[in-house]
Amino acid sequence: MLATTPLRVVAVSAGLSQPSSTRLLADRLAAATRERLAAEQDGRVEVQVIELRDLAVDIANHLVSGFPSAGLREAIDAVTEADGLIAVTPVFTASYSGLFKSFFDLIDHTALTGKPVVIAATGGTARHSLVLEHALRPLFAYLRAVTVPTSVYAASEDWGSSGDEYTEGLPSRIRRAGGELASAVLGRTVSGASRAPGLDDGEAIVPFEQQLADLRLD
């Protein structure tokens, strides 16, 4: 990559309200990623946040007509051409929102191959935190993206919480996820060791059954 070519991080927010906790989480993850990227390399970093609520009608029209509007095409191109992706959805009926899923349904299933992604979600209660593992992670595994180890769920009580002796607070989880995404964008493992991208990077996903087994062991 040329030194003058900026690194591009795109955050997709599927929040419907305004202001939106989903958008706030996307902004904070993007800021944490930008901060780490700026600290670890000399090039420029560009961050773009895509609000799906502004594209809802265009997404619906594309699903039935097969033709995207100019704005929707720009959003899809931004996601597929990004160096790193942040995907944040509110929880609806124990899964990702329909708007979130509809947008990613419009992206070719090979277009995100090997792309590093942070998955995140917001909800009213911590009981829905497993949506990250049973819904979002399998979705991006299908799209052949590489989800970083740390996913971020923010319940209503997490905002303003610094955690306790047993759990990390939301700011710590955001910083860790942003750091992991920055490392992946720079071609490093989470530990900081360099790695050469391979053809099967997009398959480097822990099987869903193993994730559930690990969770039960905890």
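Accessible areas are those given by the Shrake-Rupley method with a 1.4 Å probe. On this basis the protein, which is examined here as a predicted model, exposes about 11100 Å², of which carbon and sulfur atoms supply 53%. Buried residues account for 44% of the 218 residues in the protein. The secondary structure consists of 7 helices and 7 strands, and these elements follow one another along the sequence in the pattern β-α-β-α-α-β-β-α-β-α-β-β-α-α. Of the contacts between residues at least 6 apart in sequence, 78% join residues that are at least 24 apart.

Strand 1 was considered next. Of the 7 residues of strand 1, 6 are buried, so this strand is largely enclosed by the rest of the structure. Strand 1 is joined by 7 bridges to strand 2, which comprises residues 45–51, and the two strands run parallel. One of the residues involved is V12, whose bridge partner in strand 2 is I50.

Helix 4, spanning residues 98–105, contains the buried residues L99, F100, F103 and F104. These residues lie on the same side of helix 4, because they cover an arc of only 130 degrees around the axis. The arrangement can be read against a general property of such helices: an α-helix has 3.6 residues a turn, so residues three or four places apart point the same way. The buried residues of helix 4 pack against elements from several parts of the chain, namely strand 1 (7–13), helix 2 (56–65), helix 3 (70–81), strand 3 (84–92), strand 4 (95–96) and helix 5 (131–142).

Ahead of this helix, S97 lies in the loop between strand 4 and helix 4. The relative accessibility of S97 is 1%, and because the cut-off for a buried residue is under 20%, S97 counts as buried. A polar atom of the S97 side chain lies 3.1 Å from the backbone nitrogen of F100, a residue that is itself among those buried in helix 4. When residues up to four places away in sequence are not counted, S97 touches A14, T89, P90 and F92.

Aromatic side chains were then examined, and a search of the whole structure finds 5 aromatic pairs. In one of them, the rings of F100 and F104 have their centres 4.9 Å apart and their planes at 50 degrees, so the pair is classed as tilted. F100 and F104 both belong to helix 4, where they are 4 residues apart, or about one turn of the helix, and both of them are buried. The rings of F104 and F140, by comparison, have their centres 5.1 Å apart and their planes at 75 degrees; the angle is over 60 degrees, so this pair is edge-to-face. The pair of F104 and F140 links distant parts of the chain, with F104 in helix 4 and F140 in helix 5, 36 residues apart. F104 has a relative accessible area of 2% and is therefore buried, while F140, at 0% relative accessibility, also counts as buried. F104 thus takes part both in the tilted pair with F100 and in the edge-to-face pair with F140. Together with Y96 and F103, the residues F100, F104 and F140 form one aromatic cluster.

How values were computed. Residues numbered from 1 in each chain as written. Predicted model: local features only at pLDDT ≥ 70, side-chain atom pairs only at ≥ 80, totals over all residues. Heavy atoms only, no water. Buried < 20%, exposed > 50% of the residue type's maximum accessible area, 1.4 Å probe, protein only. Arc of directions from axis to C-beta. Contact = heavy atoms within 4.5 Å. Polar contact = N/O pair within 3.5 Å; in protein donor to acceptor, adjacent residues only side chain to side chain. Phe/Tyr/Trp six-rings, centres within 6.5 Å; stacked < 30°, edge-to-face > 60°. Pairing = 2+ DSSP bridges.
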